[in-house]
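User: I'd like a quick tour of a structure I haven't seen before. Can you put it up and walk me through it?

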Amino acid sequence: MYKLRDYQIDAVKSIIDWVKKTTEPCLVELPTGAGKSLVIAESAKILVSISKGKKVLVLQPSLELLTQNSQKYKLTGEKFSLFSASAGSKSLRHPVIYATPLTVKGAISKFDDKFCAIIMDECHLLTPTIIKII
């Protein structure tokens with residue numbers, strides 16, 4: 001289990017409030033060491049719970065970040081899937097899916113309209129591949 005710090009709670013609340021009022025993109029900037037992986041995990045967990053059965057796709061540019069982020073989500077006690085060739089898994093079984101962009105791009109036909117949100121870690125690394133996925 002984990003306990004979010006006050007500023008992490010504020011970040012999650014801001015994300016959820018934004019998503020409830022618009023479909024426009026939301027950007028949250030947190031400095032190194034601020035616990036971004038926990039903010040992502042909590043946001044994904046809440047988005048799944050309020051989305052009436054839809055899924056959340058969490059994209060990160062590397063296996064290292066995929067591992068770090070998914071391990072923080074594991075602390076929520078909820079199940080998740082990994083969709084990344086470099087992680088050796090291409091599962092869409094659970095409501096939260098941690099994935100790497102190139103693996104998703106190569107199997108984009110498996111992704112449908114059953115997603116309520118895409119959370120992107122390291123969004124300053126936005127690429128044409130990620131834009132195509134979105």
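Analyst: One definition to start. Helices here are DSSP runs of at least four residues, strands are runs of at least two, and both are numbered from the N terminus. Also keep in mind that this is a predicted model.

User: Okay. How many helices and strands does the chain have?

Analyst: There are 5 helices and 5 strands in the chain.

User: And what pattern do they follow along the sequence?

Analyst: The order is α-α-β-α-β-β-β-α-β-α.

User: What radius of gyration does the chain have, and what would a compact globule have?

Analyst: The chain has 14 Å. A compact globule with 134 residues would be near 14 Å, so the two agree. The C-alpha atoms fill a box of roughly 40 × 30 × 30 Å along the principal axes.

User: How much of it is buried?

Analyst: Of the 134 residues, 40% count as buried. The accessible surface of the chain is about 8,100 Å². Carbon and sulfur atoms hold 55% of that surface.

User: What about contacts between residues far apart in sequence?

Analyst: Take the contacts between residues at least 6 apart in sequence. Of these, 66% join residues at least 24 apart.

User: Switching to pockets. What volume does the largest pocket have?

Analyst: About 1,500 Å³. It is lined by 47 residues, and the closest to its centre are Cys26, Ile118, Ile119, Met120 and Asp121.

User: Which helices and strands supply that lining?

Analyst: Helix H1 (6–21), helix H2 (36–50), helix H3 (63–74) and strand E5 (115–120) each give at least two residues to the lining of the largest pocket. H2 has the largest share, with 8 residues.

User: How do the lining residues of the largest pocket divide by type?

Analyst: 29 are nonpolar, 10 are polar and 8 are charged.

User: And the second largest pocket, what is its volume?

Analyst: About 160 Å³. Of its 15 lining residues, Gln60, Pro61, Thr100, Pro101 and Leu102 are the closest to the centre. Helix H4 (101–106) and helix H5 (128–133) each supply at least two residues of this lining. H4 gives the most, with 3 residues.

User: What's the mix of residues in the lining of the second largest pocket?

Analyst: That lining has 7 nonpolar, 6 polar and 2 charged residues.

User: Let's zoom in on H3. Is Tyr73 buried or exposed?

Analyst: Tyr73 lies in helix H3. Its relative accessibility is 3%, so Tyr73 counts as buried. The cut-off for buried is under 20%.

User: What is Tyr73 in contact with?

Analyst: Leaving aside neighbours within four places in sequence, Tyr73 is in contact with Ala41, Ala44, Lys45, Glu78, Lys79, Phe80, Val96 and Tyr98. Take Lys45 from that list. Tyr73 and Lys45 are 28 residues apart in sequence, and their C-alpha atoms are 8.2 Å apart.

User: Now Asn69. Where does it lie, and is it buried or exposed?

Analyst: Asn69 lies in helix H3 too. Its relative accessible area is 0%, so Asn69 is buried. Not counting residues up to four places away in sequence, Asn69 touches Ser37, Ile40, Gln60, Tyr98 and Asp121. Two of those names came up with the pockets. Asp121 is among the residues closest to the centre of the largest pocket. Gln60 is among the residues closest to the centre of the second largest pocket.

User: How far is Asn69 from Lys45?

Analyst: Their C-alpha atoms are separated by 13 Å, and they are 24 residues apart along the chain.

User: On to the backbone. Which sign does phi usually have?

Analyst: Most residues other than glycine have a negative phi.

User: So what is phi of Lys52?

Analyst: Phi of Lys52 is near 60°, a positive value. Lys52 lies in the loop between H2 and strand E1 (55–59). With a relative accessible area of 81%, Lys52 is exposed.

User: What else is in the loop between H2 and E1?

Analyst: Gly53 is found there. Gly53 is exposed, because its relative accessible area is 70% and the cut-off for exposed is over 50%. From Gly53 to Ile108 is 20 Å, C-alpha to C-alpha, with their positions 55 residues apart in sequence.

User: And what about phi of Glu122?

Analyst: Phi of Glu122 is near 60°, again a positive value in a residue other than glycine. Glu122 lies in the loop between E5 and H5. Its relative accessibility is 22%, so Glu122 counts as partly exposed.

How values were computed: Residues are numbered from 1 along each chain as its sequence is written. This is a predicted model: local features need pLDDT of at least 70, side-chain atom pairs count only at pLDDT 80 or more; totals for chains, interfaces and linings use all residues. Side-chain values use heavy atoms; hydrogens and water are left out. On a 1 Å grid over the protein atoms alone, a cavity is a set of points where a 1.4 Å probe fits but cannot get out, and a pocket is an open set with protein on both sides within 12 Å along at least five of seven lines; lining residues have an atom within 4 Å of a point. Grid points are joined across faces, edges and corners, and a volume is the space filled by probe spheres set on the points. Ala, Val, Leu, Ile, Met, Phe, Trp, Tyr, Cys and Pro count as nonpolar, Asp, Glu, Lys and Arg as charged, and the others, Gly among them, as polar. The radius of gyration is taken over C-alpha atoms; the globule rule is 2.2 Å times the number of residues to the power 0.38. Buried means under 20% relative accessible area, exposed over 50%, partly exposed in between (1.4 Å probe, protein chains only). Contact means heavy atoms within 4.5 Å. Accessible areas come from the Shrake-Rupley method with a 1.4 Å probe; for residues, only the protein chains shown count as cover.
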